[in-house]
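I opened this notebook to record what I looked up in the structure, entry by entry. I begin with the term that the contact entries rely on.

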Amino acid sequence: MSDPVTALAMTGATTLVAAMATSAWQSARARTAALFHRRGDSPRDVEAQLDRSAARVTDAGGDDGTRDGQITRWRDDLEDLLRAHPDTEGGLRVLINEIHQQLPQEQQQWVQHIIARDGGSAFGALGPGSSINVHYHTGSGHQSYTPPPEQGAEGPR
């Protein structure tokens, strides 16, 4: 996710979903709908979509799968908005900062676990001021990967 637009959209989506079950929600909802109005979307329609997402997050309690699904959904929409209307970038940054300041202290810190297997690499970051800690593990408890032999018309070599 080295693309700055995708990274900003992810930060916006993560922050928006974090606000969904908090006292920051009503403000975040209205400001997000106004941001999408730039694309020609009706604020009422966007608010209805946001309300459905918030209901899913609230109903799911602590289910990370539901939360992740809503983050992906809003990341995609925010990325589309930013690409079609680059002038909304500043408004999204302001919105992220405003929501972040309104979040209860326990909602301001997220932990993300990313696992790469078979010699792969994976990195991720969430929100403003994020840091990435990379840990490389080898040895017991981890499987090594041996690629299959090349196969041609005559079979394995």
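**Entry 1, contacts.** I take contact to mean heavy atoms within 4.5 Å. With that in hand I looked up Glu-47, which is found in helix H3, and, leaving aside its neighbours within four places in sequence, I noted that Glu-47 is in contact with Arg-29, Ala-30 and Ala-33. The C-alpha atoms of Glu-47 and Ala-33 are separated by 5.8 Å, although the two residues lie 14 residues apart along the chain. I keep in mind throughout that this is a predicted model.

**Entry 2, Asp-51.** I then turned to Asp-51, whose place is also in helix H3, and found that Asp-51 touches Trp-25 and Arg-29, not counting residues up to four places away in sequence. For Asp-51 and Arg-29, which are 22 residues apart along the chain, I read a C-alpha separation of 8.1 Å. Is Asp-51 buried or partly exposed? With a relative accessible area of 33%, Asp-51 is partly exposed.

**Entry 3, overall layout.** I stepped back to the whole chain and counted five helices and two strands, which follow the pattern α-α-α-α-α-β-β when read along the sequence. Of the 157 residues of the protein, 29% count as buried. Among contacts between residues at least 6 apart in sequence, I noted that 65% join residues at least 24 apart.

**Entry 4, H1 and H4.** Helix H1 has 16 residues and reaches 23 Å from its first C-alpha to its last, which is close to the 22 Å expected at 1.5 Å a residue. Because 13 of its 16 residues are buried, I describe H1 as largely enclosed by the rest of the structure. For helix H4 (residues 64-84) I made the corresponding check: its 21 residues should span 30 Å at 1.5 Å a residue, and its end C-alpha atoms are 30 Å apart, so the two values agree. The buried residues of H4 are Arg-67, Gln-70, Ile-71, Trp-74, Asp-77, Leu-78, Glu-79, Leu-81 and Leu-82, and these pack against helix H1 (4-19), H2, helix H3 (43-60) and H5.

**Entry 5, Glu-79.** From that list I picked out Glu-79, a residue of helix H4, which counts as buried because its relative accessibility is 16% and the cut-off for buried is under 20%. Not counting residues up to four places away in sequence, Glu-79 touches Asp-3, Val-5, Thr-6 and Ala-9.

**Entry 6, H2 against H5.** How do helix H2 and helix H5 pack, at what angle and at what distance between their axes? Helix H2 (residues 25-36) and helix H5 (residues 89-102) pack at an angle of about 175°, with their axes 10 Å apart. As angles over 145 degrees count as roughly antiparallel, H2 is therefore roughly antiparallel to H5. On the H2 side I listed Ser-27, Ala-28, Arg-31, Thr-32 and Leu-35, and on the H5 side Gly-91, Leu-92, Val-94, Leu-95, Glu-98, Ile-99 and Gln-102. By class, this contact has six nonpolar, four polar and two charged residues.

**Entry 7, the nonpolar core.** I looked next at the largest nonpolar core, which has 29 residues, and recorded that Leu-16, Ala-19, Met-20, Trp-25, Trp-74, Leu-78 and Leu-92 touch the most other members. Each of H1, H2, H3, H4 and H5 supplies at least two residues of this core, and its largest share, eight residues, comes from H1. Following Leu-92 further, and leaving aside its neighbours within four places in sequence, I found Leu-92 in contact with Leu-8, Gly-12, Leu-35, Leu-78 and Leu-82.

**Entry 8, two loop residues.** I closed with the loops, starting from Ala-24 in the loop between H1 and H2, which counts as buried at 1% relative accessibility. Beyond its neighbours within four places in sequence, Ala-24 is in contact with Ala-19, Gln-102 and Leu-103, and the C-alpha atoms of Ala-24 and Pro-104, 80 residues apart along the chain, are separated by 8.4 Å. Leu-103 has its place in the loop between H5 and strand E1 (151-152) and is buried, with a relative accessible area of 5%. Leu-103 and Ala-19 are 84 residues apart in sequence, yet I read 6.5 Å between them in space, C-alpha to C-alpha.

Notes:
Residues are numbered from 1 along each chain as its sequence is written. This is a predicted model: local features need pLDDT of at least 70, side-chain atom pairs count only at pLDDT 80 or more; totals for chains, interfaces and linings use all residues. Side-chain values use heavy atoms; hydrogens and water are left out. Axes are lines fitted to C-alpha atoms, for helices over the stretch in contact, and angles run from 0 to 180 degrees between N-to-C directions. Angles under 35 degrees count as roughly parallel, over 145 as roughly antiparallel, 65 to 115 as roughly perpendicular and the rest as oblique. Ala, Val, Leu, Ile, Met, Phe, Trp, Tyr, Cys and Pro count as nonpolar, Asp, Glu, Lys and Arg as charged, and the others, Gly among them, as polar. The expected span of a helix is 1.5 Å times one less than its number of residues. Buried means under 20% relative accessible area, exposed over 50%, partly exposed in between (1.4 Å probe, protein chains only). A nonpolar core is a set of buried Ala, Val, Leu, Ile, Met, Phe, Trp, Tyr and Cys residues joined through side-chain atoms within 4.5 Å.
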